[in-house]
Amino acid sequence: MKAMVLLLMLLPVGVLGDVKHSTNPENGLQGWHFSDGDIEIELVQRLPDQTRALFMQYEFSSEVVEELATSCMFQTIVRNSGASGSGQPVSVDLGEWRMQHAGNTGPIKLKEPWMASWSGEAVAPAARLVFRWGMFPTRQEFLPGDYNWGLTAYGIQPGSVFDLEVSWQEDGSPRTGNITGIVCTPDVDALQ
Amino acid sequence: MSMMKQLFSACVVLLLAGASYADQTLTPMPGNIAAPDFELQDTSGKTHRLSDYRGKPVIINFWTTWCPPCREEIPSMNRAWHLLEQDGVVMLAINMGEDEDTIFMFSADYPADFPILMDLSGEVIGDYPVKGLPTTYVVAPDGTFAYRAIGGREWDDATLLDKVRALRE
């Protein structure tokens, strides 16, 4: 299907591991696919309107929906490809990922403190469930063939550019890699 | 349909392209750990308890309508169900947090003939070691966890079906 065909530009933008950058010709959304050993990490841009559309269906206050929509969300997929044939697990802790933006280095946004910051009036219990399960798990282990998807958030304005150091454990050993030049999708206003 | 909903639907379809991983593996779960019992209604009002199905392998799939890989695996689950039903295998898809109307609308595009149970409060999924959606467990006839699959699978793949059938007593 034409919509499924991604125009892979195969730009090596990472320092460690292999990073492929792609642009979906149908919608212009960009993606970054990182692989090293048994792990594959994919970040796909989300339009702020996509995030608004998802969360507006549930009982989030309009302020929280806007906060979520403008927090630089990426569709994120992590997979244990089993490429090495070792059969070993890989584990990911998003709390160890570090982003570099505007000269600062810091953690990415995690769902637990985010949820704790919302009052009961701002986010109904059913909406909390959607957020909890829609965001990527903070910690997860993957055996060969396992994968998960979910949203990751970086807490910077739409249109911002940042670098990301991803880290994981493979067969008990810590590993890191870098994805540089990741672009938060601009909001619709900026595209007009 | 509102503009936002049209946009959302289009985005879900596009996102499926990025989630098309499909290694057909089931991870064994050793240790004879009992799967938590539950009591949930399906979309037709029938009550299902896991303990009702003791003596049969049970596939328990946790999903939502807004989860792209969950949507992607439903057609293969439906095909698998038609292959396994006659073999005495039970398949239960537990929807997390969505009501009957939402599931009904979704079923027009993704028909499923196996029971869809509604875990409106998220209590049951909280009892299971689920980290993300979809996650599927295969429960052995004695009520213990036999396998798990994190992420979507092609459920009518012969490798998977044979592992499930092999659990029959």
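**Note on a predicted model: chains A and B**

1. Chain B reads α-β-β-β-β-α-β-α-β-α-β-β-α along its sequence. That gives five helices and eight strands. The model is predicted, and every point below should be read with that in mind.

2. Burial and contact range in chain B. The chain has 169 residues, and 41% of them count as buried. Take the contacts between residues at least 6 apart in sequence: 76% of these join residues at least 24 apart.

3. The core. The largest nonpolar core holds 88 residues. B:I59, B:M91, B:L92, B:I94 and B:V139 have the most contacts inside it. In soluble globular proteins, nonpolar side chains tend to be buried together.

4. B:M91 deserves a look. Setting aside residues up to four places away in sequence, its contacts are B:I59, B:M77, B:W81, B:L84 and B:F114. One of these, B:I59, is also listed with B:M91 among the residues with the most contacts inside the core.

5. Helix α2 of chain A spans residues 62–69, with A:V65, A:L68 and A:A69 buried. Viewed down the axis of α2(A), the buried residues fall within an arc of 95 degrees, so they line one face of the helix. They pack against α1 (48–55) of chain A.

6. Strand β11 of chain A covers residues 161–170. Its pairing with β12 (residues 173–183) is antiparallel and runs over nine bridges. β6 (residues 90–93) is joined to β11(A) by three bridges, also antiparallel. β7 (residues 98–101) likewise has three bridges to β11(A), again antiparallel.

7. Partners along β11(A). A:V90 is bridged to A:E170. A:M99 has A:L164 as its bridge partner. On the β12(A) side, A:E170 stands opposite A:S173.

8. The turn between β11(A) and β12(A). Two residues lie between the strands of this hairpin. A:D171 takes a positive phi there, near 55 degrees. Check this residue when going over the backbone.

9. A:Q169 sits in β11 of chain A. Is A:Q169 buried or exposed? Neither label fits: A:Q169 counts as partly exposed because it has 17 C-beta neighbours inside 10 Å, whereas buried requires 20 or more and exposed 12 or fewer.

10. Surroundings of A:Q169. Beyond its neighbours within four places in sequence, A:Q169 contacts A:V90, A:S91 and A:P174. A:V90 belongs to the range of β6(A), residues 90–93, and A:P174 to that of β12(A), residues 173–183. A:G134 is 35 residues from A:Q169 in sequence and 23 Å away in space, C-alpha to C-alpha.

Key:
Residues are numbered from 1 along each chain as its sequence is written. Chains are lettered from A and ligands numbered from 1 in the order in which they are written. This is a predicted model: local features need pLDDT of at least 70, side-chain atom pairs count only at pLDDT 80 or more; totals for chains, interfaces and linings use all residues. A nonpolar core is a set of buried Ala, Val, Leu, Ile, Met, Phe, Trp, Tyr and Cys residues joined through C-beta atoms within 7 Å. Two residues are in contact if their C-beta atoms, placed from the backbone, lie within 7 Å. Helices (H or I, at least four residues) and strands (E, at least two) are DSSP runs, numbered from the N terminus. The arc is that of the directions from the helix axis to the C-beta atoms. Two strands pair if DSSP finds at least two bridges between them.
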